[in-house]
Amino acid sequence: MRHVERITAVISAVLRVLVVLLAVLMVFCVGLQVFARYLFNKGFPWTEELGRFSMIWMVYLGISYVAIHSDHINVSILQDALKGVPRKVLLIIQDVFALVFGAAVLYFSFDAIRITIGSISPNTGLSMGTVYLIFPVSMALLIWSYIYRL
């Protein structure tokens, strides 16, 4: 079990760094776009796309990060009202539902990648399959975190 905990700690540390770097990239791109529009009355076309793509990746990697630490927001009225075994059962049911959701998104995300792999974003030249690759990556990490918790 120590190896699983160590792997999860490494995944968590890597995710934290990636989320911060993607946030910095997003702010840089949006800031550069605003600055260019103000100064030149015309922005750089690639900054809007790269900022959007970095935000998408940041959000989905952030989902995986908070799942590892059980920090997702939730409506906890029922959870707070229950104590002992019923509360533990409810938490397990919640984790199982999240696990099933992650597995479904993981399964269907491969179709999305297959469909979009040939599409190229107009301003950055990135394959949209690369952008959509975040779905299976983040859902695999989400599944890992819920299996680790169960």
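**Close-up views of helix contacts and salt bridges**

**View 1. Helix 1 meets helix 6 through residues of both helices.** In this view, Val4, Glu5, Ile7, Thr8, Ile11 and Leu15 of helix 1 are in contact with Leu141, Trp144 and Tyr148 of helix 6; contact means heavy atoms within 4.5 Å. Helices (H or I, at least four residues) are DSSP runs numbered from the N terminus. The model is predicted: local features need pLDDT of at least 70, side-chain atom pairs count only at pLDDT 80 or more, and totals for chains, interfaces and linings use all residues. Residues are numbered from 1 along each chain as its sequence is written, and side-chain values use heavy atoms, with hydrogens and water left out. By class, the contact of helix 1 with helix 6 comprises seven nonpolar, one polar and one charged residues. Here Ala, Val, Leu, Ile, Met, Phe, Trp, Tyr, Cys and Pro count as nonpolar, Asp, Glu, Lys and Arg as charged, and the others, Gly among them, as polar.

**View 2. The axes of helix 1 and helix 6 are 11 Å apart.** Two packed helices are described by the angle between their axes and the distance between the axes. Helix 1 (residues 2–40) packs against helix 6 at an angle of about 140 degrees. Axes are lines fitted to C-alpha atoms, for helices over the stretch in contact, and angles run from 0 to 180 degrees between N-to-C directions. Helix 1 is therefore oblique to helix 6; angles under 35 degrees count as roughly parallel, over 145 as roughly antiparallel, 65 to 115 as roughly perpendicular and the rest as oblique. The crossing of helix 1 and helix 6 is left-handed, a term for a near helix turned anticlockwise from the far one by less than a right angle.

**View 3. Helix 2 and helix 6 are roughly parallel to each other.** The axes of helix 2 and helix 6 (residues 134–149) come within 8 Å and cross at roughly 5 degrees. Helix 2 contributes residues to the contact including Ile56, Trp57, Tyr60 and Ser64, while those from helix 6 include Phe135, Ser138, Leu141 and Leu142. This contact of helix 2 with helix 6 has 14 nonpolar, three polar and one charged residues.

**View 4. Ser64 of helix 2 is buried.** The relative accessibility of Ser64 is 0%; buried means under 20% relative accessible area, exposed over 50%, and partly exposed in between (1.4 Å probe, protein chains only). Not counting residues up to four places away in sequence, Ser64 touches Leu15, Ser138, Leu141 and Leu142.

**View 5. Glu48 and Arg52 form a salt bridge in helix 2.** The N to O distance between their side chains is 2.8 Å; a salt bridge is a side-chain nitrogen of Lys or Arg within 4 Å of a carboxyl oxygen of Asp or Glu. Glu48 and Arg52 are four residues apart in helix 2 (residues 45–68), so about one helical turn separates them. Glu48 is partly exposed at 40% relative accessibility, and Arg52 is partly exposed at 35%.

**View 6. Arg114 and Asp111 form a salt bridge in helix 4.** The structure holds two salt bridges; in this one, the closest N and O atoms are 3.4 Å apart. Because Arg114 and Asp111 are three residues apart in helix 4 (residues 84–116), about one helical turn separates them. Arg114 is exposed, with a relative accessible area of 55%, whereas Asp111 is partly exposed at 34% relative accessibility.

How values were computed:
Helix = DSSP H or I, 4+ residues; strand = E, 2+ residues; numbered from the N terminus.
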